[in-house]
Amino acid sequence: MDDTAGPLPPRLLGITTFVLAQVGRAGRVRMGRLMDEHGLGLWHFAVLSALDDASPASQRELGERLRIDPSDLVEVVGRLEAAGFVRRERDPSDRRRYVVEPTAEGRAELDEIGRRAAALDAELLAPLPAEDRAAFERMARVLLAHHDPRAR
């Protein structure tokens with residue numbers, strides 16, 4: 001964040017939604033930089049995470065689960081495949097579908113990104129004492145689950 005820009009108006013700081021959006025923005029910028037260092041984007045991380053959770057998966061299932069437009073997902077999976085992080089093959093039971101699964105290299109990359117993302121979390125939440133950090137993480141998950149059924 002730019003420390004030379006002057007203070008934010010108190011009225012904005014009194015709106016929790018605004019404050020959460022700004023903290024989210026700070027986290028997204030940091031995570032984006034981390035992913036850039038890996039030559040990937042946030043959608044690549046999301047796809048690898050979803051495949052780690054439930055694979056193999058069809059491209060269609062991935063798109064629906066992550067709410068990624070099918071044409072965007074083709075590019076994301078293609079880039080992961082080119083990097084050797086996933087394997088994409090025709091589904092033998094339905095030749096119209098592609099099935100995607102992570103490779104050992106993809107799982108190793110996901111593990112490394114996960115380790116580094118945990119360090120980013122610690123950095124982002126550093127001003128909070130451990131007890132407040134744990135409470136904030138719980139509250140954030142409750143809020144997410146309330147607003148996005150996929151997080152339940």
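**Close-ups of a predicted model**

**View 1. Helix α4 and the residue that follows it.** Just past the end of α4, R67 adopts a positive phi of about 60°. This is a predicted model, and the same goes for the other views here. Back inside the helix, which runs over residues 59-66, the buried positions are Q59, L62, G63 and L66. These four span an arc of only 95° around the axis, so they sit on the same side of α4. That fits the usual helix arithmetic: with 3.6 residues a turn, residues three or four places apart point the same way. And what lies over that buried side? The cover on the buried residues of α4 includes the helices α3 (42-53) and α5 (70-82), along with the strands β1 (57-58), β2 (86-91) and β3 (94-102).

**View 2. The three-stranded sheet.** Three strands make an open sheet in the order β1-β3-β2, with antiparallel pairing. β1 and β2 stand at the edges with a single partner strand each, so each has one side without a neighbour in the sheet. On one flank of the sheet, β1 and β3 are held in register by two bridges, again antiparallel. Look for A57 here: its bridge partner in β3 is V100.

**View 3. The β2-β3 hairpin.** Here β2 and β3 come together as a hairpin, with two residues between them. Their antiparallel pairing runs over six bridges. One pair to pick out is R87 with E101, its bridge partner in β3.

**View 4. D91 and its surroundings.** D91 belongs to strand β2. Is this aspartate buried or exposed? With a relative accessible area of 7%, D91 falls under the 20% cut-off, so it counts as buried. Its side chain makes a polar contact with the side chain of R97, at 2.6 Å. Leaving aside residues up to four places away in sequence, D91 touches R97, Y98 and V99.

**View 5. A151, beyond helix α7.** A151 sits in the segment after α7 (130-147). With a relative accessible area of 36%, A151 is partly exposed, because that value lies between the 20% and 50% cut-offs. Which residues does A151 touch, not counting those up to four places away in sequence? They are L144 and A145. For a sense of scale, the C-alpha atoms of A151 and A119 are separated by 22 Å, and these two residues are 32 residues apart along the chain.

Technical notes:
Residues numbered from 1 in each chain as written. Predicted model: local features only at pLDDT ≥ 70, side-chain atom pairs only at ≥ 80, totals over all residues. Heavy atoms only, no water. Buried < 20%, exposed > 50% of the residue type's maximum accessible area, 1.4 Å probe, protein only. Contact = heavy atoms within 4.5 Å. Arc of directions from axis to C-beta. Polar contact = N/O pair within 3.5 Å; in protein donor to acceptor, adjacent residues only side chain to side chain. Pairing = 2+ DSSP bridges.
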